[in-house]
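Here are some short exercises to help you find your way around a new model. Have a go at each task before you read its solution.

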Amino acid sequence: MSETITSLYQRLGGDDTLRPLLQHFYSDVRQHDVIGPIFLGQVEDWPAHLENILGFWTTVTGGPISYSGPMMVAHLKLHLKPEHFEIWLDLWRRQCRIRLETQLANEVIHIAETMADRLQGGAAMMMPS
């Protein structure tokens, strides 16, 4: 008897669920008075950015591998501080809890929190002492 392992990507409903989640989340990001200007100053093509981020979330949730970008480098140039990450995470948690079943929301929130920790750790290592 073999068990079928279902990825988080599949349990989420794939791109059909991730795309609107990301659209609503980044709408919140763009409108935020603190982090909105940071992202608006860096992202020129929002549809392309959203497709790139969709590729990231597709990949990290176990879907087709469609992201291989330099995530650390892209975020370092934003000069994000811990308070920026916390705002970003709060907006992400909110959208996940609105749009996803509780267990799925918790799983994608955990991925985002881990990613934020890694990005902050990488930024700290890159800063001159």
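**Exercise 1. Work out which hand the crossing of α2 and α6 has, and which residues make the contact.**

Solution. This is a predicted model, so keep that in mind as you go.
- Step 1: look at how the pair cross, and you'll find that α2 and α6 do so in a right-handed way.
- Step 2: list the residues that touch. From α2 come Leu-21, Leu-22, His-24, Phe-25, Tyr-26, Asp-28 and Val-29, and from α6 come Trp-88, Leu-91, Trp-92, Arg-94, Gln-95, Cys-96 and Arg-99.
- Step 3: add the geometry. The angle between α2 and α6 is about 145 degrees, and their axes lie 10 Å apart.

**Exercise 2. Describe how α2 and α4 pack, and decide what to call their arrangement.**

Solution.
- Step 1: start with the numbers, which are an angle of about 125 degrees and axes 10 Å apart.
- Step 2: pick the word. Roughly perpendicular stops at 115 degrees and roughly antiparallel needs over 145, so α2 and α4 count as oblique to each other.
- Step 3: check the hand, and you get a right-handed crossing of α2 past α4.
- Step 4: name the residues in contact. α2 brings Asp-15, Leu-18, Arg-19, Leu-22, Gln-23, Tyr-26 and Arg-30, while α4 brings Trp-46, His-49, Leu-50, Glu-51, Ile-53, Leu-54, Trp-57 and Thr-58.

**Exercise 3. Test whether the length of helix α2 agrees with its residue count.**

Solution.
- Step 1: count the residues, and residues 15-31 give you 17.
- Step 2: predict the span. At 1.5 Å a residue, α2 should cover 24 Å.
- Step 3: compare that with the model, where the end C-alpha atoms of α2 are 24 Å apart, which agrees.

**Exercise 4. Find the buried residues of α2 and say how they are arranged around the helix.**

Solution.
- Step 1: pick out the buried residues, which are Leu-18, Leu-21, Leu-22, Phe-25, Tyr-26, Asp-28 and Val-29.
- Step 2: look down the axis of α2. The buried residues fall within an arc of 150 degrees, so they line one face of the helix.
- Step 3: recall a bit of background. An α-helix has 3.6 residues a turn, so residues three or four places apart point the same way.
- Step 4: turn to the other side of α2, where Asp-16 and Gln-31 are exposed.
- Step 5: ask what does the covering. The cover over the buried residues of α2 includes α1 (8-12), α3 (36-42), α4 (46-60) and α6 (82-99).

**Exercise 5. Decide whether His-79, Leu-80 and His-84 are buried or exposed, and place each one.**

Solution.
- Step 1: take His-79, in the loop between α5 and α6. His-79 has a relative accessible area of 63%, so it is exposed. Its C-alpha is 8.8 Å from that of Ile-38, with the two positions 41 residues apart in sequence numbering.
- Step 2: move to Leu-80, found in the loop between α5 (71-76) and α6. At 17%, Leu-80 is buried. The C-alpha atoms of Leu-80 and Gln-120 are 8.2 Å apart, though the two are 40 residues apart along the chain.
- Step 3: finish with His-84, which sits in helix α6. At 12%, His-84 is buried. Leaving out residues up to four places away in sequence, His-84 touches Val-34, Ile-35, Ile-38 and His-79.

Methods
Residues numbered from 1 in each chain as written. Predicted model: local features only at pLDDT ≥ 70, side-chain atom pairs only at ≥ 80, totals over all residues. Heavy atoms only, no water. Helix = DSSP H or I, 4+ residues; strand = E, 2+ residues; numbered from the N terminus. Expected span 1.5 Å × (residues − 1). Buried < 20%, exposed > 50% of the residue type's maximum accessible area, 1.4 Å probe, protein only. Arc of directions from axis to C-beta. Contact = heavy atoms within 4.5 Å. Axes fitted to C-alpha atoms, helices over the stretch in contact; angles between N-to-C directions. Parallel < 35°, antiparallel > 145°, perpendicular 65-115°, else oblique. Left-handed = near helix turned anticlockwise from the far one by under 90°.
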